[in-house]
Amino acid sequence: MSRKKAAKGKAAASSPSAGSPTGKGTGKAARSSPGIVQMNGVVHPSRPSISNSSEFYDIAFKVMLVGDSGVGKTCLLVRFKDGAFLAGSFISTVGIDFRVMITLHSHSHSLQIWDTAGQERFRSVTHAYYRDANALLLLYDVTNKTSFDNIQAWLTEIHEYAQQDVVLMLLGNKADATHDRVVKREDGERLAKEFGVPFMETSARSGLNVELAFTAVAKELKHRSMKEPSEKFQLQEYVNKEMKSTGCCRS
Ligand SMILES: Nc1nc2c(ncn2[C@@H]2O[C@H](COP(=O)(O)OP(=O)(O)OP(=O)(O)O)[C@@H](O)[C@H]2O)c(=O)[nH]1
């Protein structure tokens, strides 16, 4: 069975309310629902720990991956969750899918990550889920100019359907594909600056910045949820600092 056929399909019918930002009790639902990834509770030393029990976290933030079809949303999520790249034939996501609970290492909170269909015909389904998203990772494909040109339309849509204070980050994915690249990193940076959103390039294939994208968003969400934060947190500054300190990861 193909990879997306195995993981995707019927989840479009699941309720948006299942994505409650509190995330309480979602472990049980995940085990019994089709289209939802099984979680094993194993703590991996080099990757985020994944749990199917609500006991493992105090707060779960809802994060959604959005962007044109084929930009690599599913692959990014799989890379983050499993540390692997899903090579092979591309099968589009149907509706909304692939809900994953991830408890981040050394954080007392979790991300509930939702993969969405990039195809236009599923837009009305995904809109229904926007409103209780705490964060959105908006992807384009550096090898596909149209996906980059469509970012403005995505931002308009996000403005219309998402919460006003949603955490947003722009990701230029497939940064590994140097020969096919048609969107320069500088163009992504310029666009992000114009719209005031944090930005970085990623690669689901090589793993470039994938964990950083999710942990940066998690940190921002955690910071915002604190009543009296002890220090200021700037998402873009954090990302730049992390990339510098690891010597990573500009393509
Ligand atoms: N070179 C390269 N290919 C990638 C990368 N990420 C995804 N791909 C390929 O791009 C294609 C689409 O990836 P998906 O993750 O299925 O795209 P999607 O955004 O989920 O697409 P929809 O489900 O239709 O919205 C697949 O053939 C992947 O193998 C990447 O970082 N680098």
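Gly83 takes a positive phi of about 70°, just after helix α3. The model is predicted. Its chain holds nine helices and seven strands. Helix α3, residues 73–82, gives the ligand shell its largest share, three residues. Helix α3 also meets helix α8, and their axes come within 9 Å.

**Chain overview**
- The chain has 251 residues, and 43% of them are buried.
- Take the contacts with a separation of 6 or more: residues 24 or more positions apart account for 74% of them.

**Helix α3**
- Nine of the 10 residues of α3 are buried, so the rest of the structure largely encloses this helix.
- The buried set starts with Lys73, Thr74 and Cys75. It continues with Leu76, Leu77 and Val78, then Arg79, Phe80 and Lys81.
- Past the end of the helix comes Gly83, the residue with the positive phi.

**Ligand shell**
- Around the ligand there are 21 residues.
- Ser69, Gly72, Ser92, Thr93 and Gly118 come nearest to the ligand.
- By class, the shell counts 10 polar, seven nonpolar and four charged residues.
- Three residues of the shell come from α3, the largest share.

**Packing of α3 on α8**
- Two packed helices are described by the angle between their axes and by the distance between those axes.
- For α3 and α8, the axes cross at roughly 85° and come within 9 Å.
- That crossing makes α3 roughly perpendicular to α8, because angles of 65 to 115 degrees fall in that class.
- On the α3 side, Leu76, Arg79 and Phe80 make the contact.
- On the α8 side, the contact residues are Val210, Glu211 and Phe214.
- The contact has four nonpolar residues, two charged ones and no polar ones.
- Leu76, Arg79 and Phe80 are also among the buried residues of α3.
- An α-helix has 3.6 residues a turn, so residues three or four places apart point the same way.

**His223 in α8**
- His223 sits in helix α8, which covers residues 210–225.
- Is His223 buried, exposed or partly exposed? His223 is partly exposed, because 17 other C-beta atoms lie within 10 Å, and a buried residue needs 20 or more while an exposed one has 12 or fewer.
- His223 and Trp154 are 69 residues apart along the chain. Their C-alpha atoms are separated by 26 Å.

How values were computed
Residues numbered from 1 in each chain as written. Predicted model: local features only at pLDDT ≥ 70, side-chain atom pairs only at ≥ 80, totals over all residues. Helix = DSSP H or I, 4+ residues; strand = E, 2+ residues; numbered from the N terminus. Contact = placed C-beta atoms within 7 Å. Near = placed C-beta within 6 Å. Nonpolar A, V, L, I, M, F, W, Y, C, P; charged D, E, K, R; others polar. Axes fitted to C-alpha atoms, helices over the stretch in contact; angles between N-to-C directions. Parallel < 35°, antiparallel > 145°, perpendicular 65-115°, else oblique.
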